[in-house]
Amino acid sequence: MDASLAVRARGITKCFGDVVALDGVDLDVTEGRIHGLVGPNGAGKTTLLGLLLGLAVADRGSLEILGTPVGRVLSAPDGVAGFVDGPGLYPSLTARQNLAALASLRGPDARTAGIDEVLDQVGLTAVADDRTRGFSLGMRQRLGLAAALLTRPRLLVLDEPSNGLDPAGKRHVHGVLSRLAADGTAVVLSSHRMDDLEALCSEVTILATGRVVFSGPLGKLAAENRELDYRLLTSDPPAARELAAAVRGIEIVDAGVLVVRASVPALDELVARLVGAGVAVRELAPVVSPLETAFLALTEQQEDGR
Ligand SMILES: Nc1ncnc2c1ncn2[C@@H]1O[C@H](COP(=O)(O)OP(=O)(O)OP(=O)(O)O)[C@@H](O)[C@H]1O
């Protein structure tokens with residue numbers, strides 16, 4: 001057993017009747033890391049998160065959470081908090097009353113953070129005494145996060161936590177999750193937003209039809225020899241086009257707004273030539289992120305193999 005692993009899953013299989021939702025899934029999540037779970041609809045993400053939260057048990061395989069093997073009986077593992085399919089809230093109670101109800105359900109001996117503290121953490125202090133019936137999706141998501149933080153979890157499990165959040169809300173929640181991870185909490189979250197995952201996660205697991213098609217550091221996905229399309233804004237577009245056309249390994253995809261298809265070494269060569277020719281590079285960014293490119297390629301490969 002590896003003490004630094006918050007989750008160690010081996011060969012996890014979970015079926016619903018004839019549907020194999022998870023098929024021999026291995027997953028390692030290290031303490032203090034934010035681990036992203038991605039996959040097309042129906043890939044098994046929510047099912048896997050539900051197993052981590054103790055909402056269901058696997059049919060086969062072994063699961064250790066925070067160093068303790070999970071048995072075959074339904075129970076929430078100690079130190080784990082979070083939600084799938086949106087947080088469960090009482091609509092007729094205020095945000096503060098919802099949290100107070102949850103804290104009292106946990107009993108006087110439970111490790112519980114202060115209600116004001118968690119409301120402040122998620123940025124809901126101003127609406128603490130409003131009934132949650134009128135809360136937007138983003139506000140409900142934040143309150144769900146506050147409810148999870150109430151338990152001071154060592155493993156936080158979140159299904160699409162950025163759903164419904166505006167850019168400021170998303171930034172706020174990203175800050176909360178990053179600080180938790182810096183303090184040693186492991187965070188596992190699912191998302192369909194590749195930009196969110198790239199901004200937050202150090203590791204990702206890609207699921208497709210219940211199987212892991214990639215698991216590991218994000219950097220490993222953005223392999224340097226992979227060709228991507230890059231948008232290039234410079235101080236002298238005609239000169240940039242001419243220089244791009246002359247670099248071996250660069251294909252001009254769009255000559256209007258300059259988009260080039262290149263591997264990282266060819267792109268480096270182009271940037272060096274631009275700088276050498278006195279052309280300023282104002283923006284250079286992949287049109288589709290490395291994670292999304294890898295995700296699409298890996299899942300298409302799996303679809304083709306079926
Ligand atoms: N309670 C259930 N009863 C029957 N089938 C289920 C149940 N829960 C999940 N499934 C099936 O298991 C498979 C995986 O579902 P799951 O919800 O885990 O996928 P997901 O990756 O979270 O999808 P999405 O991105 O759409 O939320 C799907 O085929 C789904 O229909």
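Guide: Two strands count as paired if DSSP finds at least two bridges between them. With that in hand, this predicted model can be read sheet by sheet.

Visitor: Which order do the strands take in the open sheet that contains E11 and E14?

Guide: The order is E12-E13-E11-E14, four strands with antiparallel pairing. At its edges are strand E12, residues 251-254, and strand E14, residues 281-286, each pairing on one side only. Direction ignored, neighbouring strands of this sheet are turned by 30° against each other on average.

Visitor: How many bridges join strand E11 to E14?

Guide: Five bridges join them, and the two strands run antiparallel; E11 covers residues 228-234. One position to look up is Arg-231, whose bridge partner in E14 is Ala-285.

Visitor: Which strands does helix H9 lie across?

Guide: Helix H9, residues 264-276, lies across E11, E13 and E14. Strand E13 spans residues 259-262, and the helix runs at about 135° to E13.

Visitor: What is the strand order in the open sheet that contains E1?

Guide: That sheet has four strands in the order E2-E1-E4-E5, and the pairing is antiparallel.

Visitor: Why is one side of E2 and of E5 left without a neighbour in the sheet?

Guide: Strand E2 (19-30) and strand E5 (68-69) stand at the edges and each has a single partner strand, so one side of each has no neighbour in the sheet.

Visitor: How many bridges join strand E1 to E2?

Guide: Nine bridges join E1, residues 5-16, to E2, and these strands run antiparallel. To find the pairing in the model, start at Cys-15, which stands opposite Val-20 in E2.

Methods: Residues are numbered from 1 along each chain as its sequence is written. This is a predicted model: local features need pLDDT of at least 70, side-chain atom pairs count only at pLDDT 80 or more; totals for chains, interfaces and linings use all residues. Axes are lines fitted to C-alpha atoms, for helices over the stretch in contact, and angles run from 0 to 180 degrees between N-to-C directions. Two residues are in contact if their C-beta atoms, placed from the backbone, lie within 7 Å.
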